[in-house]
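Welcome! Please have a look at the chain below, and then work through the exercises one step at a time.

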Amino acid sequence: QVQLVESGGGLVQAGGSLRLSCAASESIFSIRAMGWYRQAPGKERELVAAIYRGGNTYYADSVKDRFTTSRDNAKNTLYLQMNSLKPEDTAMYYCAAWAVGTTIQTIPSFWGQGTQVTVSS
């Protein structure tokens, strides 16, 4: 059972940047993919970014060219660099991981507890 712990959330002004981190409790080398979901109040949880073990990435249209996800297998850590933040990016951000044999089109195998990101206008 992989445990995921997010950090790096906070309050930032519109146009600013934040970097989220997700530390895994064990090696992520064998994890098929890792990614970030977000959920704003009253809205469904949505996948915003993901990265496969081989390096292929996925980004939701709403964050393309502003967010970048990366993984450091040696540190068992996933990152989300968020630039040019907008008030509509305000949400709880969750780290997620997919086990071998699954894809990002399926429900993640593992979840973090979430970290709050608030963007003021």
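Helices (H or I, at least four residues) and strands (E, at least two) are DSSP runs, numbered from the N terminus. Residues are numbered from 1 along each chain as its sequence is written, and side-chain values use heavy atoms, with hydrogens and water left out. This is a predicted model: local features need pLDDT of at least 70, side-chain atom pairs count only at pLDDT 80 or more, and totals for chains, interfaces and linings use all residues.

**Exercise 1. The overall build**

Task: Find how many helices and strands there are in the protein, and describe its dimensions.

Solution:
- Step 1. The protein has 0 helices and 11 strands. Read from the N terminus, its elements run β-β-β-β-β-β-β-β-β-β-β.
- Step 2. The C-alpha trace spans about 40 × 25 × 25 Å along the principal axes.
- Step 3. The radius of gyration is taken over C-alpha atoms, and the globule rule is 2.2 Å times the number of residues to the power 0.38. For 121 residues, a compact globule would have a value near 14 Å; the protein has 13 Å, which agrees.
- Step 4. Buried means under 20% relative accessible area, exposed over 50%, and partly exposed in between (1.4 Å probe, protein chains only). Of the 121 residues, 45% count as buried.
- Step 5. Contact means heavy atoms within 4.5 Å. Take the contacts between residues at least 6 apart in sequence: 58% of them join residues at least 24 apart.

**Exercise 2. The disulfide**

Task: Locate the disulfide and say which parts of the chain the pair ties together.

Solution:
- Step 1. Apply the rule: a disulfide is a pair of cysteine sulfur atoms within 2.5 Å. The count comes to 1 disulfide.
- Step 2. The partners are C22 and C95, with their sulfur atoms 2.0 Å apart. The angle about the S-S bond is -80 degrees, and the link of C22 and C95 is left-handed.
- Step 3. C22 belongs to strand β3 (residues 18–24) and C95 to strand β9 (residues 91–98), so the pair ties together parts that are 73 residues apart in sequence.
- Step 4. Check the accessibility of each partner. C22 counts as buried at 0% relative accessibility, and C95 likewise counts as buried at 0%.

**Exercise 3. A buried acid**

Task: E6 is buried yet has no salt bridge. Work out which backbone nitrogens its side chain reaches.

Solution:
- Step 1. Place the residue: E6 lies in strand β1 (residues 4–7).
- Step 2. Look for a charged partner. Lys and Arg count as positive and Asp and Glu as negative, while His and the chain ends are not counted. A salt bridge is a side-chain nitrogen of Lys or Arg within 4 Å of a carboxyl oxygen of Asp or Glu. For E6, the nearest side chain of opposite charge is R45, 7.8 Å away.
- Step 3. Turn to the backbone. The side chain of E6 reaches the backbone nitrogen of C95 at 2.7 Å and that of G114 at 2.9 Å.
- Step 4. Survey the surroundings. Leaving aside neighbours within four places in sequence, the contacts of E6 include C22, W36, C95 and G114. Both disulfide partners, C22 and C95, are thus listed around E6.

**Exercise 4. Salt bridges**

Task: Describe the salt bridges of E46 with R38, D61 with K64 and D89 with R66.

Solution:
- Step 1. By the rule of the previous exercise, the count comes to 4 salt bridges.
- Step 2. E46 and R38 meet at 2.8 Å, N to O. E46 counts as partly exposed, at 32% relative accessibility, whereas R38 counts as buried at 6%.
- Step 3. D61 and K64 meet at 3.2 Å, N to O. D61 is exposed at 65%, and K64 is partly exposed at 42%.
- Step 4. D89 and R66 meet at 2.7 Å, N to O. This pair links distant parts of the chain, 23 residues apart: D89 is in the loop between β8 (77–82) and β9, and R66 in the loop between β6 (57–59) and β7 (67–72). Both D89 and R66 are buried.
- Step 5. Join the pieces: salt bridges that share partners connect R38, E46, R66 and D89 into one network.

**Exercise 5. The setting of V48**

Task: Is V48 buried or exposed, and which residues is it in contact with?

Solution:
- Step 1. V48 is found in strand β5 (residues 46–52), and at 0% relative accessibility V48 counts as buried.
- Step 2. Setting aside neighbours within four places in sequence, V48 is in contact with W36, Y37, R38, Y58, Y59, A60 and V63.

Notes:
A polar contact is a pair of N or O atoms within 3.5 Å; within protein, one must be able to donate a hydrogen and the other to accept it, and residues adjacent in sequence count only if both atoms are side-chain atoms.
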